[in-house]
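Biologist: I want to test the labels in this model against their cut-offs. Show me the model, and then I will ask.

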Amino acid sequence: THELQVTSDEIILQNHRDANRRFAMVDVTIDVDITGVNGLDTGTKSTDTWYHIWIISDRRDNVKGLFSTSASNPQLPRGYSYKAYVGAIYNNNQNYLISYYQNDKLVWAEKSCPLAMSAFPTNPTNIDLSASVPSTATSIITEISGLTNIGGHEISNIYVGPTATGPWHNRWMMVSGNPQGAGNIDHVQFVTQCEILLDSTQQIYAYVGTTDDLLEINVIGWKY
């Protein structure tokens with residue numbers, strides 16, 4: 001899609017002089033294919049780009065919407081001086097806005113995969129989330145998948161956290177030692193969901209217990 005609907009029971013907008021205006025029952029639709037009021041603040045849309053969502057108004061209390069690549073200083077249309085930040089949405093590599101639902105500061109979004117299932121380091125390593133969550137997100141809602149090929153009766157671990165020193169969300173995997181699955185090898189896989197705080201913008205850290213362990217990270221939402 002190229003449009004986003006924003007509704008609000010109540011919202012407070014502010015101008016550069018810190019003067020506030022309160023509006024109720026806001027309902028606007030913003031179109032990434034146009035420029036100006038209810039569109040982009042400047043230029044034309046780009047792929048693989050986060051667009052921050054703003055509600056704006058003029059002195060006549062006309063309430064509209066605006067997309068901007070800026071999370072702090074959008075280029076307001078002539079006559080509009082009041083604004084409020086609402087959130088952000090991603091225009092993906094196929095040049096359409098991702099599926100997205102937001103309630104207050106919680107977002108449920110189209111699943112993205114910053115890390116496909118693969119071997120991962122056994123020391124804390126950062127994972128880039130720049131195509132999965134906006135720079136204004138304070139936490140992510142993630143789906144973590146682990147797989148181990150370790151043989152014998154063993155326990156292995158996956159660790160995910162906000163910094164290179166934790167604190168860590170730990171998920172263990174126990175291998176029974178009974179050959180199974182493709183290739184008749186010992187293996188076990190799990191999928192779990194958790195929320196991880198973002199200490200650094202658009203990144204988290206992870207590591208695995210052994211070189212036989214694989215890790216996958218999917219992002220299904222975030223909070224502001």
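Biologist: What makes β4 mostly covered?

Modeller: 10 of the 10 residues of β4 are buried. Buried means under 20% relative accessible area, exposed means over 50%, and partly exposed lies in between (1.4 Å probe, protein chains only). Strands are DSSP runs of E with at least two residues, numbered from the N terminus. This is a predicted model: local features need pLDDT of at least 70, side-chain atom pairs count only at pLDDT 80 or more, and totals for chains, interfaces and linings use all residues. Residues are numbered from 1 along each chain as its sequence is written, and side-chain values use heavy atoms, with hydrogens and water left out.

Biologist: How do you know that both faces of β4 are covered?

Modeller: In a regular strand the side chains alternate between the two faces of the sheet. On one side sit Thr-49, Tyr-51, Ile-53, Ile-55 and Ser-57, and they are all buried. On the other side Trp-50, His-52, Trp-54, Ile-56 and Asp-58 are all buried too.

Biologist: Why is Thr-49 called buried?

Modeller: Its relative accessible area is 15%, under the 20% limit, so Thr-49 is buried. Thr-49 lies in β4, residues 49-58. Its side chain reaches the backbone oxygen of Ser-46 at 3.4 Å. Beyond neighbours within four places in sequence, Thr-49 is in contact (heavy atoms within 4.5 Å) with Thr-69, Ile-89, Tyr-90 and Asn-91.

Biologist: What makes β4 a partner of β6 and of β5?

Modeller: Two strands pair if DSSP finds at least two bridges between them. β4 and β6 have 10 bridges and run antiparallel. Tyr-51 has Ile-89 as its bridge partner in β6. β4 and β5 have 6 bridges and also run antiparallel. There, Ile-56 has Lys-64 as its partner in β5. Both counts meet the cut-off of at least two, so both pairings hold.

Biologist: Why is Pro-74 called buried?

Modeller: Pro-74 has 6% relative accessibility, so it falls under 20% and counts as buried. Pro-74 is in the loop between β5 (63-68) and β6 (80-91). Its contacts outside the four-place window include Asp-41 and Trp-54. The C-alpha atoms of Pro-74 and Asp-41 are 6.6 Å apart, with their positions 33 residues apart along the chain.

Biologist: Why is the pair Arg-22 and Glu-10 called a salt bridge?

Modeller: A salt bridge is a side-chain nitrogen of Lys or Arg within 4 Å of a carboxyl oxygen of Asp or Glu. The closest N and O atoms of Arg-22 and Glu-10 are 2.2 Å apart, so the pair qualifies. Arg-22 is in β2 (residues 20-31) and Glu-10 in β1 (residues 3-14). A search of the whole structure finds 5 salt bridges.

Biologist: Which label does each partner get, exposed or partly exposed?

Modeller: Arg-22 is at 54%, over 50%, so it is exposed. Glu-10 is at 45%, between the two limits, so it is partly exposed.

Biologist: What makes Arg-21 and Asp-61 a salt bridge?

Modeller: Their N to O distance is 2.8 Å, within 4 Å, so the pair counts. Arg-21 is in strand β2 and Asp-61 in the loop between β4 and β5, 40 residues apart. In that hairpin, Asp-61 takes a positive phi near 65°. Asp-61 has a relative accessible area of 44%, so it is partly exposed.

Terms used: Helices (H or I, at least four residues) and strands (E, at least two) are DSSP runs, numbered from the N terminus. A polar contact is a pair of N or O atoms within 3.5 Å; within protein, one must be able to donate a hydrogen and the other to accept it, and residues adjacent in sequence count only if both atoms are side-chain atoms.
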